[in-house]
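Biologist: I'm new to this one. Could you walk me through it?

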Amino acid sequence: MSQADSAPPNTNPDAPERAYSDFTRSLSYGDYLRIDTLTSAHQPVTQAHDEHLFIAVHHISEVWLNLIVQELRAAMTLLSAGVTDAPLKMLSRVVRAQEQMTNAWEVLKTMTPADYLQFRSAFGRASGFQSAQYRMMEFLLGNRNATLLRPHQHRPDLYGLLEAALNAPSLYDLALRLLSERGLAIAPSVLERDFAQPYVQNDEVLAAWLTVYRDPERYWDVYELAEKLIDVEDNFRRWRFNHLTTVERTIGFKTGSGGTSGVGYLRKALDTVLFPELWQVRTEL
Ligand code: HEM
Ligand SMILES: N[C@@H](CC(=O)c1ccccc1NC=O)C(=O)O
């Protein structure tokens with residue numbers, strides 16, 4: 001007996017016929033989502049089979065980055081107004097989106113070094129190092145470094161957005177403000193620091209987090225926020241580590257197309273710590 005014979009009778013045989021078919025006066029799926037614009041961005045410059053995969057994985061990653069940046073910005077706006085519930089939900093979404101970005105390496109890893117070399121020379125000096133959305137995510141999370149603005153000089157619009165983020169408080173700076181608002185001692189030199197500079201670990205901040213972690217019930221929302229930040233940094237590290245491993249298995253120790261040493265540069269970036277006191281507090285408890 002075929003599967004069709006054993007299937008339960010279709011209770012609504014008219015369903016497909018009733019589907020809307022006239023989109024002259026209302027948005028269709030493709031209109032609303034601008035699928036033509038999306039797919040038109042997929043433009044391989046060689047005949048190499050794997051270039052399609054390479055472009056697709058980058059596009060997918062940029063779409064996730066766009067969502068991550070939106071969520072981080074929304075969370076930061078609310079946090080700066082002292083609200084914590086909705087930002088926690090937004091950061092949970094960031095954590096899930098980061099997981100999707102990290103999973104993308106599994107697909108990209110099906111590309112061998114020989115596959116990649118068929119089109120690597122075609123994109124010249126282009127590199128993920130020049131991803132404005134990635135840099136925006138890093139700046140919002142607090143990895144501050146003004147030299148990373150340089151590759152965006154040819155795009156004043158993007159440069160302006162990144163420069164503004166570099167000079168504004170990061171997600172962690174806003175979390176520290178919240179600690180201060182909850183009565184915990186945080187020095188003005190920390191709260192009013194030069195935001196364009198890398199954040200420097202501070203003992204008073206560590207003491208404040210220790211107070212929170214020793215009495216979570218009293219400081220429940222900031223305690224939850226802290227653990228959410230740990231989730232974000234944990235996933236950020238995973239993405240970085242998987243990128244590094246994918247790069248090494250694909251181009252070994254070749255110089256990066258963006259002009260850095262390649263694996264050496266990416267390995268050093270693994271030492272970055274976004275929320276130092278939140279990691280240290282674990283030792284102190
Ligand atoms: C075979 C695939 C890939 C290779 C061989 C590769 C290689 C590299 C290399 C060598 C660098 C160092 C900068 C330079 O080019 O000199 C770099 C940086 C970077 N790549 Fe990739 N990459 C790959 C895939 C991806 C994907 C899928 C993304 C997703 C968006 C990505 C995002 C980035 C970012 C954001 C940086 C800058 C990291 C930082 O400054 O900390 N890469 N990549
Ligand atoms: N940096 C890579 C090139 C690269 O990965 C790349 C090139 C063009 C567009 C996106 C890229 N992705 C990530 O760095 C390389 O040196 O092969």
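Here is a short chat about confidence, one annotated residue and the two ligand shells.

Biologist: What pLDDT does the chain average?

Modeller: Keep in mind that this is a predicted model. The overall scores are ipTM 0.98 and pTM 0.94. Of the residues, 95% score at least 70, and the chain averages a pLDDT of 95.

Biologist: Is H243 buried, partly exposed or exposed?

Modeller: H243 is covered by the annotation "binding site" in an unreviewed UniProt entry. To be buried, a residue needs 20 or more other C-beta atoms within 10 Å of its own, while 12 or fewer would make it exposed. H243 has 19 such neighbours inside 10 Å, so it counts as partly exposed.

Biologist: Which helix supplies the largest share of the shell around ligand 1?

Modeller: The shell has 24 residues, with S127, G128, G256, G258 and T260 the closest. At least two residues each come from α5 (51–80), α13 and α14 (263–269). The largest share is five residues, and it comes from α13.

Biologist: And where does H243 lie?

Modeller: Look along residues 220–251, which form a helix. H243 lies in that stretch, helix α13.

Biologist: How many charged residues are in the shell around ligand 2?

Modeller: For ligand 1, the shell divides into ten nonpolar, 14 polar and no charged residues. Around ligand 2 you find H58, R120, F123, A126, S127, G128, I251, G256, S257 and G258. Arg counts as charged and His as polar. By class that shell has three nonpolar and six polar residues, and the charged count is one.

Terms used: Residues numbered from 1 in each chain as written. Chains lettered and ligands numbered in written order. Predicted model: local features only at pLDDT ≥ 70, side-chain atom pairs only at ≥ 80, totals over all residues. UniProt positions renumbered as here; feature names shortened; annotations may be inferred. Helix = DSSP H or I, 4+ residues; strand = E, 2+ residues; numbered from the N terminus. Near = placed C-beta within 6 Å. pLDDT = per-residue confidence, 0-100.
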